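Me: I'm new to reading protein models. Could you walk me through this one and explain the words you use?

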Amino acid sequence: MTNEQLISIAMDAMKRAYCPYSEFRVGAALITKTGKVFTGCNIENASFGATVCAERTAIFKAVSEGFVNFQKIAIVSDSCDATYPCGICLQVMNEFMPDGSIVLVDKFGSVIERRVSEFLPYAFSEVDNGKEK
Ligand code: THU
């Protein structure tokens, strides 16, 4: 699957964003290492902290279906700029796609592709938790 195809699937998912509070629509589409695609949108809540980002929606859908190894995730929003994932989503990506990549589109339509490890070079891990040295 091309980056453009994954972005187009993310754009479809973005239409389902539930964002009455921010009115900021985000869509995500991830592809597993076995080639299966999962989508997500942001889902907000009146209690703002209960909001879930589009990326985590897609990842949690995949994990709950038994897929835990991802190669790539595309993220789009209705902003004309690239939407960079938040820190919590990056930490979740590090768990399931530490060697994977993130695909974004900037306001000129150019595709930006970077490794998860480039966005979060010092991710928290079990090693940091003192369980392993
Ligand atoms: N949001 C995402 O879904 N993904 C991101 O990478 C950044 C932020 C959502 C959360 C909230 O619904 C809205 O965008 C505004 O923060």
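Reply: Happy to! Let's begin with a term: helices and strands here are DSSP runs, a helix having at least four residues and a strand at least two, and both are numbered from the N terminus. With that naming, C86 sits in the loop between strand 3 and helix 3. Please keep in mind that this is a predicted model.

Me: How many helices and strands are there, and in what order do the elements run?

Reply: The protein has four helices and five strands. Starting at the N terminus, their order is α-β-β-α-β-α-β-β-α.

Me: What makes the protein as compact as a globular protein of that length?

Reply: Set two values side by side: the radius of gyration is 15 Å, and the globule rule gives 14 Å for 133 residues. The two are close, so the protein is as compact as a globular protein of that length. Along the principal axes, its C-alpha atoms fill a box of roughly 45 × 35 × 30 Å.

Me: Back to C86. Why is C86 called partly exposed?

Reply: The relative accessible area of C86 is 30%. Buried means under 20% and exposed means over 50%, so C86, at 30%, counts as partly exposed.

Me: Which residues does C86 touch?

Reply: Leaving out residues up to four places away in sequence, C86 touches C53, E55 and R56. As for Q71, its C-alpha atom is 19 Å from that of C86, with their positions 15 residues apart in sequence.

Me: Is T57 buried or exposed, and how do you know?

Reply: T57 lies in helix 2. Its relative accessibility is 12%, and the limit for buried is under 20%, so T57 counts as buried. Apart from neighbours within four places in sequence, T57 is in contact with G40, C41, I43 and V52.

Me: And what about E126: where does E126 lie, and why is E126 called partly exposed?

Reply: E126 belongs to the segment after helix 4 (116–119). Its relative accessible area is 45%, which falls between 20% and 50%, so E126 is partly exposed. The C-alpha atoms of E126 and S8 are 35 Å apart, and the two residues are separated by 118 residues along the chain.

Me: How many aromatic pairs are there?

Reply: The count comes to four aromatic pairs. One of them is formed by F38 and F67, with ring centres 5.4 Å apart and planes at 55°.

Me: Why is the pair of F38 and F67 called tilted?

Reply: Ring centres must lie within 6.5 Å to pair, and 5.4 Å meets that. Planes under 30 degrees apart would be stacked and over 60 edge-to-face, so 55° makes the pair tilted. This pair links distant parts of the chain, since F38 is in strand 2 (residues 37–41) and F67 is in the loop between helix 2 (54–64) and strand 3 (70–77), 29 residues apart. F38 is buried at 8% relative accessible area, while F67, at 22%, counts as partly exposed.

Me: What makes the pair of F70 and F96 tilted?

Reply: Here the ring centres are 6.0 Å apart, again within 6.5 Å, and the planes are at 40°. That angle is neither under 30 degrees nor over 60, so this pair is tilted. F70 lies in strand 3 and F96 in helix 3 (residues 87–96), so the pair ties together parts 26 residues apart in sequence.

Me: How do you know that F70 and F96 are buried?

Reply: The relative accessible area is 0% for F70 and 18% for F96. Buried means under 20%, so F70 is buried, and F96 is buried.

How values were computed:
Residues numbered from 1 in each chain as written. Predicted model: local features only at pLDDT ≥ 70, side-chain atom pairs only at ≥ 80, totals over all residues. Heavy atoms only, no water. Rg over C-alpha atoms; globule rule 2.2 N^0.38 Å. Buried < 20%, exposed > 50% of the residue type's maximum accessible area, 1.4 Å probe, protein only. Contact = heavy atoms within 4.5 Å.
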